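Biologist: I've got a new model open on my screen and I'd like to learn how to read it. Can you walk me through it?

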Amino acid sequence: MTALSAALQAAGGVPSDTYFTQPADWTWFIIPYFFVGGIAGGAFFISAVLDFFGRPEDRPVIRWGYYVAAIGAGLSGLLLIVDLNRPLRFWHMLIRSEEFPAPILKLWSPISVGSWALLLFGAVATAMAIAVLAENERIRWRWPAALRGPVLLPVLAIAGALLGLFFASYTGVLLSVTNRPIWGDSTLIGPLFVVSGVSTAAATLLLLGSTGDERAPADVTHRLSDYDSWLLLLELVVLAAFLVSLGPVVARWLSLWGALLLVGVVGLGILVPLALHYRPEWFRDRLTAPPALTAAVLVLVGGFLLRAVVILASETVELFPFSGSM
Amino acid sequence: MAEALGFFTDTTICIGCKACEVACKNWNQLPAAHGGMGEMSGHSYDNTLELNGINWRHVTFVEQFDAPYDGRWLMMSDVCKHCVQAGCLEVCPTGAIIRTEFDTVVIQSDVCNGCRACIPACPFGVIGINDVSNTAQKCTLCYDRLSAGLEPACSKACPTDSIQFGPIVELRERAQRRVAQLHGQGEQRAYLYGADPDGPLGGLNAFYLLVDEPEVYGLPREPKLPSFRIAAASAWSTVTALVVGVLGVVGLRKRRMDEIAAGKADAEEART
């Protein structure tokens with residue numbers, strides 16, 4: 001046995017086979033895409049649930065949800081296109097360029113399925129946004145009323161809610177279906193992103209419903225705040241399971257990214273909002289804004305940081321150094 | 001399909017001359033790094049450092065010395081493995097990555113849109129963006145030369161036949177004989193990496209004879225297809241989405257149900 005082999009074994013070997021791969025350079029457009037995509041998908045889901053199970057007073061929040069979903073889907077598409085090295089070839093994601101106009105869909109490739117999901121989700125979210133704009137008499141078209149009729153509303157709402165949850169979670173599955181450190185070492189990034197996505201969507205709707213001319217009644221914002229708190233508790237559990245699932249690769253978090261995960265995501269993004277929800281009296285003298293709104297802002301900061309650290313902690317791992325001189 | 005073709009690289013006779021790197025760069029007209037400006041890596045005699053979009057061959061240098069003149073050099077000319085089950089081909093959403101009639105894996109530059117999904121999917125870190133074409137690129141196993149009945153540029157240039165090109169079936173037999181020869185000469189550490197068609201990724205169409213752990217050469221021990229995680233990742237995501245959904249339905253309509261319950265209670269009270 002050589003000295004190097006001995007050193008490798010003494011160090012417990014390479015943490016994972018994922019350390020021999022190259023980073024994708026998915027960074028400054030992909031982090032906001034993952035964040036916005038989670039909010040858009042979650043917002044549609046929440047609006048659809050309120051559409052079915054809510055009350056007439058919930059309408060301002062329902063409308064905001066569909067607007068956020070439509071704008072978020074559009075922004076997601078834009079971020080994805082700008083991130084491509086050849087943006088003008090974005091349509092190659094959907095159409096076989098060599099066999100135009102034959103479509104291309106690979107069910108075993110999350111990026112392929114995700115491209116179609118974004119297209120469909122964007123279409124449904126835009127349809128619903130137009131429908132509620134017309135319902136609220138912001139536009140004078142009559143035809144969108146049919147979209148909220150007894151036949152189309154359930155179809156669009158259920159399809160959009162399912163697509164929304166898929167859209168919020170597939171980005172995590174996409175990361176797991178790689179061979180990169182952290183991403184390829186756990187199958188729990190999808191669950192983490194779907195919980196965080198819907199949680200940040202609830203926070204966004206809470207903030208939007210509490211501002212502007214058309215404020216939502218306190219009852220619906222309370223329900224959103226309650227729901228978000230349950231999601232934060234669930235996120236804490238999933239995050240712990242995710243870290244355990246990494247095995248030896250968990251050591252990668254002994255870094256700046258781990259500090260950001262602990263302080264930014266767990267502390268500021270989960271624990272403080274939970275304390276603001278369950279123990280608002282602790283903060284009352286120190287805050288100028290209502291505790292629920294402060295919590296919502298922190299949830300959004302935590303949601304963004306979660307995606308940033310999950311991506312950057314892996315992207316910054318270089319090729320394993322044993323391939324060079326030792 | 002024509003016969004599966006590939007490389008057998010015998011690292012014990014590589015002398016680190018880098019003729020393969022030069023021949024590859026030359027034939028495929030690949031650009032220099034850093035705009036041609038010299039930049040020393042400090043890693044042994046290796047300034048190429050890795051395989052990527054502009055380096056389709058890379059000679060790895062490993063210095064194993066406990067003291068001056070007390071140790072050995074390991075050198076290995078690395079390349080795309082043209083995996084029988086290729087992760088890059090699997091995830092590519094555009095269909096730019098194809099399997100050719102020679103059982104090799106090629107990226108069509110005119111189809112690739114630079115989404116970079118193939119880069120983290122490759123378990124060997126082979127693929128990178130070529131800044132000239134702005135698309136993902138890697139070794140084509142000289143598809144143009146094979147189509148013309150020629151040998152790939154790198155193996156043609158290799159002065160020691162460390163890189164051997166040919167039908168995979170023949171190369172495997174030749175490699176087994178070489179391992180037996182080395183064992184007979186007392187080099188018991190010799191073994192084949194990636195030659196087993198029943199092994200990881202269905203075998204590699206560019207396989208190696210090594211004399212140390214795979215990690216020492218920068219190779220993963222058990223390379224995996226990225227899609228082997230898709231079922232578990234999707235299942236966990238679905239279960240979690242269901243929990244999120246149920247919490248949503250229960251939580252967001254809770255007050256309404258409470259009110260209905262309260263209304264019923266009031267009605268009961270009024271009746272009694």
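Modeller: Sure, and let's begin with burial: a residue is buried if 20 or more other C-beta atoms lie within 10 Å of its own. Keep in mind that this is a predicted model.

Biologist: With that cut-off, what share of the residues of chain B counts as buried?

Modeller: Of the 272 residues in chain B, 48% count as buried. For chain A, with 326 residues, the figure is 53%.

Biologist: How far does the predictor trust all this? What are the ipTM and pTM of the complex?

Modeller: Both come out at 0.92. For chain B, the average pLDDT is 93, and 93% of its residues score at least 70.

Biologist: Next, overall shape. What radius of gyration does chain A have, and why does that agree with a compact globule?

Modeller: The idea is to set the model's value beside the one a compact globule of that length would have. A globule of 326 residues would be near 20 Å, and chain A has 22 Å, so the two agree. The C-alpha atoms of chain A fill a box of roughly 80 × 65 × 25 Å along the principal axes.

Biologist: And what does chain B have, set beside a compact globule of 272 residues?

Modeller: There the globule would be near 19 Å, but chain B has 27 Å. Its box is roughly 105 × 45 × 45 Å. Look at the domains too: the assignment gives domain 1 of chain B as 5–223 and domain 2 as 228–271. The C-alpha centres of those two domains lie 54 Å apart.

Biologist: What are the chains built from? How many helices and strands does chain A have?

Modeller: Chain A has 9 helices and 0 strands, which reads along the sequence as α-α-α-α-α-α-α-α-α. Chain B has 8 helices and 10 strands.

Biologist: Can we check a single helix? Why does the length of α6 of chain A agree with what a helix should span?

Modeller: You multiply out the rise per residue and see whether the ends sit where they should. Helix α6(A) covers residues 189–209, and at 1.5 Å a residue its 21 residues should span 30 Å; the end C-alpha atoms are 30 Å apart, so it agrees. As for its surroundings, 20 of the 21 residues of α6(A) are buried.

Biologist: Now the interface. How many residues of chain B are in contact with chain A?

Modeller: Count the residues on each side: 71 of chain B are in contact with 70 of chain A. On the chain B side, the elements that each supply at least two residues are β2 (57–67), α2 (87–91), α3 (118–121), β6 (128–130), α7 (230–252) and α8 (254–271). Of these, α7(B) gives the most, with 16 residues. By type, the chain B side divides into 32 nonpolar, 22 polar and 17 charged residues.

Biologist: Could we zoom in on one residue? Why does Leu165(A) count as buried?

Modeller: Leu165(A) has 25 C-beta neighbours inside 10 Å, so it counts as buried. You'll find it in helix α5 of chain A, residues 152–176.

Biologist: Which residues is Leu165(A) in contact with, leaving aside its neighbours within four places in sequence?

Modeller: In chain A, Leu165(A) is in contact with Gly41(A), Phe45(A) and Val194(A), and in chain B with Ala241(B) and Gly245(B). Sequence separation is worth a look as well: Leu165(A) and Gly38(A) are 127 residues apart along the chain, yet their C-alpha atoms are separated by 8.3 Å.

Technical notes
Residues numbered from 1 in each chain as written. Chains lettered and ligands numbered in written order. Predicted model: local features only at pLDDT ≥ 70, side-chain atom pairs only at ≥ 80, totals over all residues. Domains from an automatic or database assignment. pLDDT = per-residue confidence, 0-100. Contact = placed C-beta atoms within 7 Å. Helix = DSSP H or I, 4+ residues; strand = E, 2+ residues; numbered from the N terminus. Nonpolar A, V, L, I, M, F, W, Y, C, P; charged D, E, K, R; others polar. Expected span 1.5 Å × (residues − 1). Buried ≥ 20, exposed ≤ 12 C-beta atoms within 10 Å, placed from the backbone. Rg over C-alpha atoms; globule rule 2.2 N^0.38 Å.
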